[in-house]
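Visitor: I have just opened this model and would like a close look at a single part of it. Could you take me through its inside and then work outwards?

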Amino acid sequence: MKQARHKGTTRGFSRAATLMQTRIRTASEERGFAVTRLLTHWPEVVGEATASVATPVNVSYGKGGMGATLTLLTTGAQAPMLEMQKEQIREKVNACYGYRAIARVRITQTAPTGFAEGRVAFTPAPKTRKTPSPAAQSEAQAMADTVQSDDLRAALAALGANVLSKQKT
């Protein structure tokens, strides 16, 4: 039994990027992004520091057609810092486009397209793990010395050091 060949299909595997390229382009063009590289490589375009606090939401073109406006979404605390960097952001984005496509950068703290589509990812501060004091560690080690199993003795020493450091604070 022969398989029917369809025009435009390939044999074997295709890269995921090529399969999703048309869908990504369609979705980004709906928001005004003519160059999808701006969305997919945002940290490389503007730098890690700016990309961690701002997300591109929309590119809108005015009626006069004299350049577009790039809308960035950020949090309230980061907005003043981004306000001072608007010119550098505009230059970096225009370098991505290859010409002076963006005339203005607008910073917003709420997404113009609705709350579901454009959200800023808030990353929590990394948790710091407190280590027990050397005195608590030695006291816990002394209590666990009578245990014969090495693994159990180490686990009990660690548990004891944590309990002793909690009691003293």
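Guide: Let's begin with a word we will need: a residue is called buried when its relative accessible area is under 20%, exposed when that value is over 50%, and partly exposed in between. Please keep in mind that this is a predicted model.

Now find Leu72, which sits in strand 2. Its relative accessible area is 0%, so Leu72 is buried. What does Leu72 touch, once residues up to four places away in sequence are set aside? The list is Trp42, Thr55, Pro56, Val57, Ile89, Val105, Arg106, Ile107 and Thr108. Val59 makes a useful landmark here: 13 residues separate it from Leu72 in sequence, and their C-alpha atoms are 9.2 Å apart in space.

From here we can turn to the largest nonpolar core, a group of 21 residues. Those with the most contacts inside this core are Leu38, Trp42, Val46, Leu70, Val93, Tyr97 and Ile102. Several elements give two or more residues to it: helix 3 (42-46), strand 1 (54-61), strand 2 (68-74), helix 5 (79-84), helix 6 (86-97) and strand 3 (102-108). Helix 6 provides the largest share, with four residues. Val93 is a good one to click on: leaving out neighbours within four places in sequence, Val93 is in contact with Leu38, Trp42, Val45, Val46, Leu70 and Ile102.

Next, let's look at charged side chains. How many salt bridges are there in the model? The count comes to three. One of them joins Lys86 and Glu83, where the closest N and O atoms are 2.9 Å apart. Lys86 has a relative accessibility of 25%, so it counts as partly exposed. Glu83 is partly exposed too, because its relative accessible area is 44%.

Another salt bridge brings together the side chains of Glu87 and Arg90, at 2.5 Å from N to O. These two residues are three apart in helix 6, which means that about one helical turn separates them. Are they buried or exposed, or in between? Glu87 counts as partly exposed because its relative accessibility is 39%, whereas Arg90, at 12%, counts as buried.

A further salt bridge links Arg153 with Asp150, with 2.3 Å between N and O. Both residues lie in helix 8, three residues apart, or about one turn of the helix. Asp150 has a relative accessibility of 53%, so it counts as exposed.

Stay with helix 8 a little longer, since it also holds Val163. Val163 counts as partly exposed because its relative accessibility is 39%. Together with Leu152, Leu156 and Leu159, Val163 forms a nonpolar patch on the surface, and the four share about 330 Å² of accessible area.

Let's finish with helix 7, which spans residues 134-144. Which of its residues are buried on one side? Ala136, Ala140 and Ala144 are buried there. They cover an arc of only 65 degrees around the axis, so they lie on the same side of helix 7. If you turn the helix around, the face pointing away from that buried side carries Pro134 and Ala142, which are exposed.

Definitions and conventions. Residues are numbered from 1 along each chain as its sequence is written. This is a predicted model: local features need pLDDT of at least 70, side-chain atom pairs count only at pLDDT 80 or more; totals for chains, interfaces and linings use all residues. Side-chain values use heavy atoms; hydrogens and water are left out. Patches are made of residues with over 30% relative accessible area and no salt bridge: like charges are joined within 9 Å, nonpolar side chains (Val, Leu, Ile, Met, Phe, Trp, Tyr) within 5 Å. Accessible areas come from the Shrake-Rupley method with a 1.4 Å probe; for residues, only the protein chains shown count as cover. Buried means under 20% relative accessible area, exposed over 50%, partly exposed in between (1.4 Å probe, protein chains only). The arc is that of the directions from the helix axis to the C-beta atoms. A nonpolar core is a set of buried Ala, Val, Leu, Ile, Met, Phe, Trp, Tyr and Cys residues joined through side-chain atoms within 4.5 Å. Contact means heavy atoms within 4.5 Å.
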